[in-house]
Amino acid sequence: MIIGGALVIAMALLGAEVYSDVVDEEGLTSLDIPALEYAQSLRNPETDAFATGFTNVGGGIGMPILASILTAWLTFLSRTWRPIVLVGGAALVSTTATTMSKRLVGRTRPDHSEAVPPFEHTPSFPSGHTLNTTVVIGVLLYLMCLQFQMLWARITAITAGVVFIIAMGLSRVFLGHHWFTDVMAGWFLGLAWVGIVILAHRLFHLLRRREHAGPAPTFEHPVVRDVVADAVHHDGRHTAHGEDKAG
């Protein structure tokens with residue numbers, strides 16, 4: 001919990017530093033123009049089409065579909081409501097925070113002459129694709145690590161998820177739809193929120209274990225205290241029966 005809390009604070013501070021530099025137009029913002037110019041040098045019709053298709057996966061239509069499929073799959077495997085609650089709650093907060101932050105900062109995106117169509121017209125900071133992808137995929141990776149005990153499965157899932165998150169952010173810069181600092185803020189703030197969600201979930205289970213014994217609730221056994229009560233009641237009846245026989 002202490003290590004997780006330190007990481008959350010570190011990510012939040014890094015996100016705040018990026019925000020401060022963007023507002024003051026100094027510091028890390030010096031990376032924005034060189035990053036955009038380098039992205040432009042890599043463009044061609046094939047890479048533009050691929051990047052556009054990929055970035056749509058993290059958009060307002062693609063990401064909800066992907067998240068719904070993976071969440072439904074994990075819900076089926078775990079036989080609990082945990083994936084729906086964690087992914088849905090985390091995504092709701094991240095999308096709300098993205099909308100409010102864009103309105104608060106009101107940063108202008110790169111000029112359309114430097115971007116690949118179709119163009120976007122909402123404020124630039126932070127990158128919603130990056131922030132929401134980081135949150136959704138990050139929480140899904142956490143749930144996968146809880147579900148799968150094999151080390152190779154966890155490593156495979158984490159590697160694929162990290163590559164996906166990084167690629168989503170870089171695709172926004174490549175297409176000229178965001179400045180690099182927009183993407184950096186999306187990564188840092190998204191990771192901070194993922195850390196908070198994970199810490200809250202771990203704390204919830206820690207408190208639950210102190211209050212109730214037994215396994216976590218599932219569809220078959222939704223209320224742990226009922227299972228414990230039945231076991232205690234059964235043990236009590238067994239003990240009383242034994243005393244009667246002894247008497």
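## The two sides of helix 2

In this predicted model, the buried residues of helix 2 are D32, A35, L36 and A39. They lie on the same side of the helix because they span an arc of only 95 degrees around its axis. Y38 and S41, on the other side of helix 2, are exposed. As a general rule, an α-helix has 3.6 residues a turn, so residues three or four places apart point the same way.

## Salt bridges

The whole structure contains four salt bridges. One of them joins the side chains of D32 and R107, with an N to O distance of 2.7 Å. This pair connects distant parts of the chain, as D32 belongs to helix 2 and R107 to the loop between helix 5 (82-105) and helix 6 (128-147), 75 residues apart. D32 has a relative accessible area of 4% and is therefore buried; R107, at 15%, also counts as buried.

R107 meets D182 as well, in a salt bridge of 2.7 Å, N to O. D182 lies in helix 8 (residues 180-211), 75 residues from R107 along the chain, and is buried at 0% relative accessible area. D32, R107 and D182 are thus linked in a network of salt bridges.

A further salt bridge is formed by E120 and R109, whose closest N and O atoms are 3.3 Å apart. E120 is partly exposed, with a relative accessible area of 26%, whereas R109 is buried at 11%.

## Surface charge and chain start

E17, D24, E25 and E26 form a patch of negative charge on the surface. E26 is located in the loop between helix 1 (2-24) and helix 2 (32-42).

M1 precedes helix 1 and is exposed, with a relative accessible area of 52%. Its C-alpha atom is separated by 6.7 Å from that of L199, although M1 and L199 are 198 residues apart along the chain.

Terms used: Residues are numbered from 1 along each chain as its sequence is written. This is a predicted model: local features need pLDDT of at least 70, side-chain atom pairs count only at pLDDT 80 or more; totals for chains, interfaces and linings use all residues. Side-chain values use heavy atoms; hydrogens and water are left out. Patches are made of residues with over 30% relative accessible area and no salt bridge: like charges are joined within 9 Å, nonpolar side chains (Val, Leu, Ile, Met, Phe, Trp, Tyr) within 5 Å. Accessible areas come from the Shrake-Rupley method with a 1.4 Å probe; for residues, only the protein chains shown count as cover. Lys and Arg count as positive and Asp and Glu as negative; His and the chain ends are not counted. The place of a charge is taken as NZ of Lys, CZ of Arg, CG of Asp or CD of Glu. Helices (H or I, at least four residues) and strands (E, at least two) are DSSP runs, numbered from the N terminus. Buried means under 20% relative accessible area, exposed over 50%, partly exposed in between (1.4 Å probe, protein chains only). The arc is that of the directions from the helix axis to the C-beta atoms.
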